[in-house]
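Subject: Structure handover

Hello,

Here is the structure you asked about, with the sequence. My notes on one strand and on the cysteines follow below.

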Amino acid sequence: MANSFATRTFTTLSDLQPNMANLVGFNDVVICSLTKSYVIKFIGFPLDIGSERYTFSFTIRDSPAHFVNAASWGNEDYIRSLSDSFRVGDCVIIENPLIQRKEIEREEKFSPATPSNCKLLLSENHSTVKVCSSYEVDTKLLSLIHLPVKESHDYYSLGDIVANGHSLNGRIINVLAAVKSVGEPKYFTTSDRRKGQRCEVRLYDETESSFAMTCWDNESILLAQSWMPRETVIFVSDVRISFDKFRNCMTATVISKTIITTNPETPEANILLNFIRENKETNVLDDEIESYFKESINLSTIVDVYTVEQLKGKALKNEGKADPSYGILYAYISTLNIDDETTKVVRNRCSTCGYIVNEASNMCTICNKNSLDFKSVFLSFDMLIDLTDHTGTLHSCSLTGSVAEETLGCTVNEFLAMTDEQKTALKWQFLLERSKIYLKFVVSHRARSGLKISVLSCKLADPTEASRNLSGQTRV
């Protein structure tokens, strides 16, 4: 098979011309077959809502200067089978595509901009895509995986984006940044019953400590899950910059034009990588502070689903026991006073022990450290919320730290920059929606309800999943 591969004739992307598919040869040797190409972009979605026609697009590259877009149309089974057969970073051979002239203005509005004047169309009946085995891959291609499709110096720093503010709203630019954290994918259902997902990635560089980038498509979310926080650097080509009025800050969004290069091998990326390594101690301190508010328990190990009534009953049975219990609750946030000036939801905490600093004395009563000292305190969410379902209400549940940030979708500083109207709008996003809430609870006679309850995770619930659990199909 290796010898057969070696004797075949392949066309490079630089040699593509419109209508080359008419030059197909005989003896199963396809002149316009493409090899020495790897996949750098991946998009798939229905052509029309309610339609049985689907489209799948991807971008391939075989040299630093040459890459083209490819697309396939067909029914759902074919498109899903094709899109599941390879991933970004795979080396592929494409046989018998139709090569057409690209309509630049129309097509590059939603697809990556490419230097070629051609595009590839794949037919279910005539074209094939084959993933190369290890001995078929040209080693020269491996370096392309870490080479951005834009000039290595053509990017904005995160500080530049923040400084330019509204002037960059809606612009599509390039970004070079390090990965600070990768959130868990959040699933939702649209009003027309289509399922979707999103994942927020926090970026940073020498100029900005935290900057949000949102991924909406499955492929970029899968790619993000492979990144190592505080170790991975990414070059993001053609990302959309927007002003988020709820967070009152600039954010980035991965779109269909975006191409992401992980750990780019460029001088600029190496400088940023050195910055990450040289600031490891500071990063570790930040991680320790953040981890203070995160339970070490793996949420996937929490499987028991309760109603409010059942949870209170469980607590009564555990009275006298010091060990905490854990569970899942499908409920509404019925009290969330984040827009009430009389309710303090952000407090100073000691950077050494994590406890709340006494505001009157500016001292940490635990480690006796003066809060006026440099880096001795940090701001953190610290709020009490009520959770309600059809059986009752849990009062004064603790929502703090990074869990509160993930729930609200903003950092403390972003929250403090919001207007009262923005805080009220943010609050009503949760008061009207059922959430899936992971809880830690323990009997405490000092607590108002007899229970001390901490929220470990709170995300909008999938309606189907919530309905199934509430109907009693999944019980404690």
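Please keep in mind that this is a predicted model.

Strand β13

Strand β13 covers residues 249-253, and 5 of its 5 residues are buried, so the strand is largely enclosed by the rest of the structure. Neither face is left open: C249, T251 and T253 lie on one side, M250 and A252 lie on the other, and all of them are buried.

β13 pairs with strand β11, residues 211-215, in the parallel sense, and 2 bridges hold that pairing in the count. Within it, T214 has T253 of β13 as its bridge partner. β13 also pairs with strand β12, residues 233-244; these two run antiparallel and are joined by 5 bridges. On that side, A252 of β13 stands opposite I241.

Cysteines

How many disulfides does the model contain? The count comes to 0. The cut-off for a disulfide is a pair of cysteine sulfur atoms within 2.5 Å. For C199, the closest cysteine sulfur is that of C215, at 5.6 Å, which is too far for a bond.

Are C199 and C397 buried or exposed? C199 has a relative accessible area of 0% and is therefore buried. C397 also counts as buried, because its relative accessibility is 0%. Another cysteine, C249, is among the buried residues of β13 described above.

Regards

Conventions: Residues are numbered from 1 along each chain as its sequence is written. This is a predicted model: local features need pLDDT of at least 70, side-chain atom pairs count only at pLDDT 80 or more; totals for chains, interfaces and linings use all residues. Side-chain values use heavy atoms; hydrogens and water are left out. Buried means under 20% relative accessible area, exposed over 50%, partly exposed in between (1.4 Å probe, protein chains only). Helices (H or I, at least four residues) and strands (E, at least two) are DSSP runs, numbered from the N terminus. Two strands pair if DSSP finds at least two bridges between them.
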